[in-house]
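Me: I am new to this structure and would like to be taken through its sheets, its helix packing and a few single residues. Could the answers be given step by step, please?

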Amino acid sequence: MDVLRIKGGQPLYGEVEVSGAKNACLPLFAACLLTDQECILENVPDLADVRFMAELLRHLGASVEKLDTHTWKIEAKNIETRAPYDLVRKMRASVCLMGPLLGRCRQAEISLPGGCVIGPRPIDLHLKGFTRMGCEITTEKGYVHLDGKAMRGSQVFLGGRHGSTVLGTANILMAAVLTPGVTRIESSACEPEVVDLCHFLQAMGADIEGVGSHELVVTGVQKLKGARHAVIPDRIEAGTLLIAAAMTRGNLLVKGLRPGHLTALLDKLEEVGVSFSQESPSAIRVQGGDTYQPVDIVTLPHPGFPTDLQAQMCALMAITPGLSIVTEKIYPNRFMHVPELQRMGADIAIEGHSAIIKGNKILSGAPVMASDLRASAALVLAGLAASGETWVQRIYHLDRGYEKLEQKLSQVGARIERLDESALPAEFSEE
Ligand code: EPU
């Protein structure tokens, strides 16, 4: 296993390019199952989760070829409909295979994904949506069996206790595009990743109205064709880099992003007092300052503040003198980064679903443990801004969702290295 060693206190200077969005890309791979023709996906991030998804599609019988680092060709001539536990358990996003398998084959058998460290992640809304469309669902021995022979377009409501569901919307959408009749998806998620999926499906010949809104109207077609599509930039990676620049008080141009996908973050950074400017339609420069203001943040479905940037914002607020309150409304217990930030000197208390942060000017480097993807990113940011050395362990979490993060950061001046865990000082090692 690898570890990251970060020598903090170095401002980030220069230019950095954002990769394609992991969370857009996984449903796009699944959508390729909806046609027997060839699909080409470009701007695909080079990540562990993408490789898992490719493995799953191959298991289902698709031919999946990596044409170059960021381009994949997928052709699903004949496909199977059973996704087994040993593959599904590696990645929760495999649940979004249900929609395309139902759309194309009218049946699916998928192992139920297990728990997840960021909290319970039920799929009741996905299943409720399929049921509304006439699908018969049974659960046996850890597998969901979906029989969609009688499926028809219908009215589906996807609002839940924590808002809509992103992968649930993707699932219903992918089933509906090949289901006879009109499916009206109400309270659908409108995250940019869902919009990207709609655009790909439309390029394949799907009939979808209301793209980008909370009501998608899908008229089923008989067949879809192959298409070529470039994945949108990763707004969460972009946001992480912008926050890194602010935390290290650097001067960084983050390129290849879509500012319109980052409105809630930019609004908060402005309130904090971080100066930034849009240098082109796809680039934002952050110039870190000396004094920042504490802020209150509440995570919400898009266009609200994204839960996937909550941990990174906690790191920024931990070095911003004053009292900040960060409330998590999507995954109420997603605060695994807090005990690790505390090890670096952060003054944070958890009250219910909020982190109460009394910012200090400086954190001090320490050995810390990554627990999930975004928590790992927060620890890297904290390490970049801290005094002394930070060792981040279990960085396989980071590798699932950030393409070559340490290389990108070191190119703009960070002192960060990936090392084998044998390099870890004995007193820091896990055993
Ligand atoms: N929910 C239900 N029932 C359902 C589905 C969801 O109650 O059937 C609840 C969830 O427990 C949660 C909320 O609804 O409280 C939102 O969950 P959602 O279904 O939208 O999440 P997801 O689609 O499983 C995607 C991203 C997550 C991101 C969330 C929210 C992918 C592969 N994952 O998950 O990304 O946090 O949307 O925006 O797209 C990450 O990248 O680190 C990550 C966790």
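Reply: What follows is a set of questions and answers on sheets, helix pairs and single residues. This is a predicted model, in which local features need pLDDT of at least 70 and side-chain atom pairs count only at pLDDT 80 or more, while totals for chains, interfaces and linings use all residues. Residues are numbered from 1 along each chain as its sequence is written, and side-chain values use heavy atoms, with hydrogens and water left out.

Me: In the open sheet of four strands that contains β22, β23, β1 and β24, which strands stand at the edges?

Reply: Helices (H or I, at least four residues) and strands (E, at least two) are taken as DSSP runs, numbered from the N terminus, and two strands pair if DSSP finds at least two bridges between them. The sheet has the order β22-β23-β1-β24, with mixed pairing. Each edge strand has a single partner, so one side of it is left without a neighbour in the sheet, and the strands in that position are β22 (367–369) and β24.

Me: Which residue of β24 stands opposite Arg-5?

Reply: Strand β1 (residues 2–7) pairs in the antiparallel sense with strand β24 (residues 415–420) over six bridges. β1 is also joined to strand β23 (residues 389–393) by four bridges, again antiparallel, and there Arg-5 stands opposite Trp-391. In β24, the residue opposite Arg-5 is Glu-417.

Me: At about what angle to β1 does α12 run?

Reply: Axes are lines fitted to C-alpha atoms, for helices over the stretch in contact, and angles run from 0 to 180 degrees between N-to-C directions. Helix α12 lies across β1, β22, β23 and β24. Its angle to β1 is about 30°.

Me: How do the residues in the contact of α8 with α12 divide into nonpolar, polar and charged?

Reply: The axes of helix α8 (residues 235–247) and helix α12 (residues 373–385) come within 9 Å and cross at roughly 20°, and the two are therefore roughly parallel (angles under 35 degrees). Where they meet, with contact meaning heavy atoms within 4.5 Å, Ile-236, Thr-240, Ile-243, Ala-244 and Met-247 of α8 face Arg-374, Ala-377, Leu-381, Ala-382, Leu-384 and Ala-385 of α12. Ala, Val, Leu, Ile, Met, Phe, Trp, Tyr, Cys and Pro count as nonpolar, Asp, Glu, Lys and Arg as charged, and the others, Gly among them, as polar. The contact of α8 with α12 thus has nine nonpolar, one polar and one charged.

Me: Which residues of α6 make the contact with α5?

Reply: Helix α5 (residues 124–132) and helix α6 (residues 166–176) have axes that come within 8 Å and cross at roughly 25°, which makes α5 roughly parallel to α6. From α5 the contact is made by His-126, Gly-129 and Phe-130. From α6 it is made by Leu-167, Gly-168, Asn-171, Ile-172 and Ala-175.

Me: Which residue of β9 stands opposite Ser-111?

Reply: Another open sheet of four strands, with mixed pairing, has the order β6-β7-β9-β8. Within this sheet, β7 and strand β9 (residues 143–147) pair in the antiparallel sense over five bridges. Opposite Ser-111, in β9, stands Tyr-143.

Me: Is Arg-106 buried or exposed?

Reply: Arg-106 lies in the loop between α4 (98–105) and β7 (107–111), and its phi is near 70°, a positive value in a residue other than glycine. Buried means under 20% relative accessible area, exposed over 50%, and partly exposed in between, with a 1.4 Å probe and protein chains only. Because its relative accessible area is 18%, Arg-106 is buried.

Me: What is the relative accessible area of Lys-404?

Reply: Lys-404 is found in the loop between α13 (396–401) and α14 (405–411), and it has a positive phi of about 50° although it is not a glycine. Lys-404 counts as partly exposed, with a relative accessible area of 35%.

Me: What distance separates the C-alpha atoms of Val-272 and Met-317?

Reply: Val-272 lies in helix α9 (residues 263–272) and counts as buried at 0% relative accessibility. Leaving aside neighbours within four places in sequence, Val-272 is in contact with residues including Thr-291, Tyr-292, Leu-316 and Met-317. Val-272 and Met-317 are 45 residues apart along the chain, and their C-alpha atoms are separated by 8.8 Å.

Me: Which residue does a cis peptide bond join to His-302?

Reply: The bond has an omega of about 10°, and the partner's place is in the loop between β18 (296–298) and α10 (310–318). The residue joined to His-302 is Pro-303.

Notes
Angles under 35 degrees count as roughly parallel, over 145 as roughly antiparallel, 65 to 115 as roughly perpendicular and the rest as oblique.
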